[in-house]
Amino acid sequence: LKVVTLRRVSDIVNKESVIPLLGIVTSTSEATIRAESGGKLTTVYKKLGDYVYAGEIIAQFENSAERAQTQQADGAYESAKASRDISKINNNTTNSSLVEAKNTALSALSNAYSAMDEAVRTKTDLFYDSPRTGIVKLKLSVPDSRLVYSLESSRATIEKILTARDERNRTLVPTDNLVDELNAVRSEAELVKTYLDDLSNAYTKAVPDSTYSQATIDNGKVSLGVARSSVQGTIATLTATRNSLIASTNAGEISSDGGDGVSIRQADAQVKQALGAYNASLSRLEKTIIRSPINGTLNSLSIETGDFISQFTEVGVVSNNGALEVVTYINEEDVKRIAVGGKVTMSPNIDGVITRIAGGIDPKTKKIEVRIGIISGGSSLINGQSIQVKVSRAHVDENKISGPITIPLSALKITPNGAYVYTTSTSSTLIAIPVTLGAILGDEMEITSGLTPSLTIVLDARGLKEGQKVTTQE
């Protein structure tokens, strides 16, 4: 009689084996660096492989306008603090403060005109034909006729505004209603800002031609960005100056009635407003500087001095290469056979342990992420390298075995009528059990139905047939 070996299905499932996987070495502390602003990079201070500290500057954009606005806002803040201190020392100086506020307002009106004039006539008129006449023509090739018409109309209107503002500023004196003038100029600046926003949209849609190359258009974008920032800063300055003038005027009126306490509170409010304007300018400046978010090594750096990049562009990756782990992905069936704390071996001669198992399937890989800590032998690993991983299967209780069951191919009998495994009767006669096949896994086969964990099957079905008398051994 032929001798056959029997094995319970649960014992086959729990056989000593490993799950072969491919892992990626990564840092436990890693950050992607993105640009918060857009424009031309004037300086890149670091190179690939450099170690950087958290907050250290890696590169910066052209930011002369932002620096000027911050300096101006800082001056306004210091001026507001000085005005408050003067109010606390001697409230009788309110009248002189009002004179200073009016002079500041006149200066702000003049500076606003200069800023708008430079933003429109100097920095953005490159792509126009006869922009200072009643017949304005956009020479840039933009496939949006409505946008082109709007820009040409707006440019003609702004030319009239600039001319009128220049004439009006020449006749302004401190006794005029400067609050109304500040409000009017602020509205004019808002109109210019809207025009520049539309022009930015046109630059984005512009098609390079024989007259204007892509490089010329990109340079125009840089100049336009500076112009927009300048006008935005002008609007903020006009608002702060108007508020300061109103407060100084009210303080003068209250002071004449003996309201010293109210005057000081208003001075405090001016300081807060000036501080807010300064912080806003500082924030805009900071966005033109690219810094490292963490301590680590620059494992990726894709920028060079002179590059023109857009906002939110990824420019590098900084990692702590001294603290590494391995990330791998496992299918939903195999994940049932592993657990946190499970042993892992990696080549060459590296031992690890499972530290984390994701609670769901990754939508990109359609698998489950597993993170592996390195116990020993990891000194040769390099951040980003691929590595062979072998995860030891954990024991599964017979009552918890579910899903497809993997058995050796040798245990299957495949015929034209279907696939079978053999078990034995009490009289040692072979009985065929029909099964449904799943995926082939090397020298093993997944069985999706037909087997139960408690069933005992023949490990080698080759040469056997149903009803055959055999001698069994465990």
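Trainee: Which residue stands opposite I24 in β13?

Mentor: In this predicted model, I24 faces V327 of β13. I24 belongs to strand β2, residues 18-27, which pairs with β13 in the antiparallel sense over five bridges.

Trainee: Why are β2 and β13 said to pair?

Mentor: Pairing requires at least two bridges between the strands. β2 and β13 have five, so the condition is met.

Trainee: What makes β16 a partner of β13?

Mentor: Six bridges join β13 to β16, residues 368-376, and these strands run antiparallel. Against a requirement of at least two bridges, six is enough, so β13 and β16 count as paired. Within this pair, V326 stands opposite I372 of β16.

Trainee: Why is strand β13 called largely enclosed?

Mentor: β13 covers residues 324-330, and six of these seven residues are buried, so the rest of the structure largely encloses the strand. Buried here means under 20% relative accessible area.

Trainee: Why does R121 count as buried?

Mentor: R121 has a relative accessible area of 14%. The cut-off is under 20%, so R121 is buried. R121 lies in helix α3.

Trainee: What does R121 touch?

Mentor: Leaving out residues up to four places away in sequence, R121 touches Y113, M116, R132, R155, E159, L162 and T163.

Trainee: Why is the link between R121 and E159 called a polar contact?

Mentor: The side chains of R121 and E159 are joined at 2.7 Å. The limit for such a pair of N or O atoms is within 3.5 Å, so the distance passes. The side chain of R121 also makes a polar contact with that of D117, at 2.7 Å.

Trainee: Is R265 buried or exposed, and why?

Mentor: R265 has 55% relative accessibility. Exposed means over 50%, so R265 is classed as exposed. R265 is in helix α7, residues 260-286. From R265 to E62 is 203 residues in sequence and 39 Å in space, C-alpha to C-alpha.

Trainee: Which residues touch the most other members of the largest nonpolar core?

Mentor: They are L138, L140, V142, L151, Y195 and L196, in a core of 42 residues. Helices α3 (94-122), α4 (145-171), α5 (178-205) and α6 (214-256) each supply at least two residues of this core. A second, separate core has 19 residues, including V25, I354, V370 and L381.

Trainee: What is L140 in contact with beyond its neighbours within four places in sequence?

Mentor: L140 contacts F127, A202, Y203, A206, Y212 and I217.

Trainee: What makes β3 and β5 edge strands?

Mentor: β3 (30-34) and β5 (51-52) each pair on one side only. They belong to an open, antiparallel sheet of four strands in the order β3-β12-β10-β5. Inside that order, β10 (residues 296-301) and β12 (residues 314-319) pair over four bridges. One bridge partner there is S319 of β12, opposite T297.

Trainee: Where are the edge strands of the open sheet β23-β1-β24?

Mentor: They are β23 (456-458) and β24 (470-473), each paired on one side only. The pairing in this three-stranded sheet is mixed, and the twist averages 40° from one strand to the next.

Trainee: How many bridges join β1 to β23?

Mentor: Three bridges join them, and β1 (residues 2-8) and β23 run antiparallel. Three satisfies the requirement of at least two, so they are paired. In this pair, R8 stands opposite T456 of β23.

Notes
Residues are numbered from 1 along each chain as its sequence is written. This is a predicted model: local features need pLDDT of at least 70, side-chain atom pairs count only at pLDDT 80 or more; totals for chains, interfaces and linings use all residues. Side-chain values use heavy atoms; hydrogens and water are left out. Buried means under 20% relative accessible area, exposed over 50%, partly exposed in between (1.4 Å probe, protein chains only). A nonpolar core is a set of buried Ala, Val, Leu, Ile, Met, Phe, Trp, Tyr and Cys residues joined through side-chain atoms within 4.5 Å. Contact means heavy atoms within 4.5 Å. Axes are lines fitted to C-alpha atoms, for helices over the stretch in contact, and angles run from 0 to 180 degrees between N-to-C directions. A polar contact is a pair of N or O atoms within 3.5 Å; within protein, one must be able to donate a hydrogen and the other to accept it, and residues adjacent in sequence count only if both atoms are side-chain atoms.
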